[in-house]
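I opened this entry to record what I looked up about empty space and helix packing in one model. The order below follows my own reading.

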Amino acid sequence: MALTASAIRTAKRVDRFTYAIRNIVAEAKKVEATGKTVRYLNIGDPNQFGFLTPPHLIEAVVKAMRDGHNGYTPSPGIVEAREAVAVDFVSRGVQVSADRVLITSGTSEGIELALTGIVDEGEEVLVPSPTYPLYTAVLAKIGATPSYYRTDHTNHWQPDLDHLRSLITAKTRALVVIDPNNPTGAIYPEAMRRSLIEIAESHGLVILADEVYGDLSYDGPVPPMAALDNDAPIISYSSLSKAYLAPGWRAGWMAVGSSPRLDGALAAIKKLADGRLCSPGPMQFAVTAALTGDRSHQVAFRTQLRERAALTSKRMNAIPGISCVAPQSAFYAMPKVDLPSGSTDADYVLGLLRSKGILCVYGSGFGTAAADGFFRIVFLASPRELDAIYDDVDEFTRAFRSA
Ligand SMILES: Cc1ncc(COP(=O)(O)O)c(C=O)c1O
């Protein structure tokens with residue numbers, strides 16, 4: 001065996017791959033190592049804040065395991081789950097059949113399968129700014145480029161359609177729409193959704209409709225985007241992670257719209273899905289239980305989220321130098337702090353972490369400019385805890401801005 005002193009080289013693509021929501025945890029661990037308690041407001045995991053997976057979902061998984069469903073499943077998922085997803089889409093106005101549904105390891109895997117199956121190296125994908133960062137991370141991995149279209153905090157975080165149109169080139173392949181949105185908590189009115197479909201249609205783009213928070217709009221479920229136009233090439237995603245409170249199960253689905261223009265994409269995605277064998281088998285039984293069973297937990301969850309959202313925007317807007325658009329859905333807010341010149345959103349967020357032990361994520365981790373001063377808060381903690389946290393954010397922000 002040849003001896004060599006050099007370390008194993010890593011792939012260059014990893015240098016381009018970032019996922020700030022988890023990357024920043026390394027900084028929090030350093031702070032914890034000094035003996036300080038860290039309050040983690042970086043990851044949107046309801047279970048870490050006491051929200052419980054509905055028991056009938058747990059029973060479905062346990063029963064599946066006890067009944068011996070512990071082997072591989074077909075690559076696109078078990079028939080019962082695919083049918084339940086299709087029936088659920090049909091009930092929401094999307095005409096899709098089970099053979100166009102895949103059960104995936106969370107929406108995350110659906111995103112990766114679709115981008116890998118559709119977008120070539122050197123091509124471009126329209127993603128919102130700010131965005132959920134997995135899109136840009138996967139694009140970096142496959143050698144494609146994100147084109148960030150602005151969503152405007154001065155207009156309730158709605159997409160800036162002129163800006164979006166101006167970014168489209170011959171290399172653009174897809175339009176990512178995250179509605180309801182992480183990280184902004186925005187939802188888009190029907191007219192905006194129709195405009196996005198129209199733009200995509202007039203340029204031959206496929207829409208990747210990320211609807212993980214579709215049932216978590218405070219006013220009740222938001223219809224899937226594909227329900228507006230069943231002929232448009234739209235791939236819709238969701239999962240058990242958020243609205244069914246089971247993020248660790250890695251159970252999600254994607255529906256490849258019924259437009260024949262998506263037949264090739266469906267075949268490509270299925271081909272890729274074969275290579276990863278299947279998503280976790282027993283959890284697929286919970287998909288059926290979730291979509292055909294009692295959803296009353298969502299009513300309570302939405303009420304609790306609405307209260308926390310109102311508290312968050314009220315407290316943030318009361319801090320001198322911070323403004324915050326009130327979220328309409330999910331459990332995220334994206335406030336903006338007016339930074340002293342020369343400092344960045346990361347300076348602010350890391351300062352808050354080191355001084356008060358509060359971990360948020362800087363906006364540039366979602367694609368906004370570092371000087372713009374955005375940061376994302378996950379507001380799943382109890383209102384009492386949030387109040388205490390926001391006292392600390394207030395105190396820190398005053399000190400940071402006057403330093
Ligand atoms: C917009 C968005 N899409 C996808 C995901 C990934 O979710 P899953 O757990 O279903 O993979 C998340 C998770 O936070 C998200 O916020």
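I began with the largest pocket, and I noted that α2 (20–23), α6 and α7 (134–142) each give at least two residues to its lining. The model is a predicted one, and I keep that in mind throughout.

**Entry 1: the largest pocket**

I asked which element supplies the largest share of the lining of the largest pocket. It is α6, with 6 residues. I then looked up the volume of the largest pocket, which is about 630 Å³, and its lining, which is made up of 31 residues, with Y19, S108, Y132, K242 and R250 lying nearest the centre. Sorted by class, the lining of the largest pocket holds 13 nonpolar, 9 polar and 9 charged residues.

**Entry 2: α6 against α7**

Since both helices had turned up in the pocket lining, I went on to see how they are set against each other. The axes of α6 and α7 come within 10 Å and cross at roughly 40°. Angles under 35 degrees count as roughly parallel and 65 to 115 as roughly perpendicular, with the value here in neither range, and α6 and α7 are therefore oblique to each other. I also noted that the crossing in which α6 passes α7 is right-handed. On the α6 side the contact is made by S108, I111, E112, L115 and T116, and on the α7 side by L134, Y135, V138, L139, K141 and I142. I wrote down the classes for this contact of α6 with α7 as 7 nonpolar, 2 polar and 2 charged residues. S108 thus appears in my notes both in this contact and among the residues nearest the centre of the largest pocket.

**Entry 3: α6 against α10**

Where does α6 meet α10, and through which residues? In α6 (residues 106–118) and α10 (residues 263–275), the axes come within 9 Å and cross at roughly 120°, and α6 and α10 are therefore oblique to each other. Here too I recorded a right-handed crossing, with α6 passing α10. L113, A114, T116, G117 and I118 are the α6 residues of this contact, and they meet A265, A268, I269, L272 and A273 of α10. The residues of the contact of α6 with α10 comprise 8 nonpolar, 2 polar and no charged. I marked T116 in particular, as this residue is listed in the contact with α10 and also in the contact with α7.

**Entry 4: enclosed cavities**

I next asked how many cavities of 30 Å³ or more there are. The count comes to 2. The largest cavity has a volume of about 180 Å³ and is lined by 18 residues, of which D88, R92, E211, D215 and S238 lie nearest its centre. Two or more residues of this lining come from each of α5 (79–91) and β8 (234–239), and β8 gives the most, with 3 residues. I entered the classes for the lining of the largest cavity as 11 nonpolar, 3 polar and 4 charged.

For the second largest cavity I noted a volume of about 40 Å³. The residues that line this second cavity are V94, A226, D229, N230, A232, I234, G257 and S258, and by class they divide into 4 nonpolar, 3 polar and 1 charged.

Conventions:
Residues numbered from 1 in each chain as written. Predicted model: local features only at pLDDT ≥ 70, side-chain atom pairs only at ≥ 80, totals over all residues. Heavy atoms only, no water. Axes fitted to C-alpha atoms, helices over the stretch in contact; angles between N-to-C directions. Helix = DSSP H or I, 4+ residues; strand = E, 2+ residues; numbered from the N terminus. Parallel < 35°, antiparallel > 145°, perpendicular 65-115°, else oblique. Left-handed = near helix turned anticlockwise from the far one by under 90°. Contact = heavy atoms within 4.5 Å. Nonpolar A, V, L, I, M, F, W, Y, C, P; charged D, E, K, R; others polar. 1 Å grid on protein atoms, 1.4 Å probe; cavity = no way out; pocket = protein on both sides within 12 Å on 5 of 7 lines; lining within 4 Å. Points joined across faces, edges and corners; volume = space filled by probe spheres on them.
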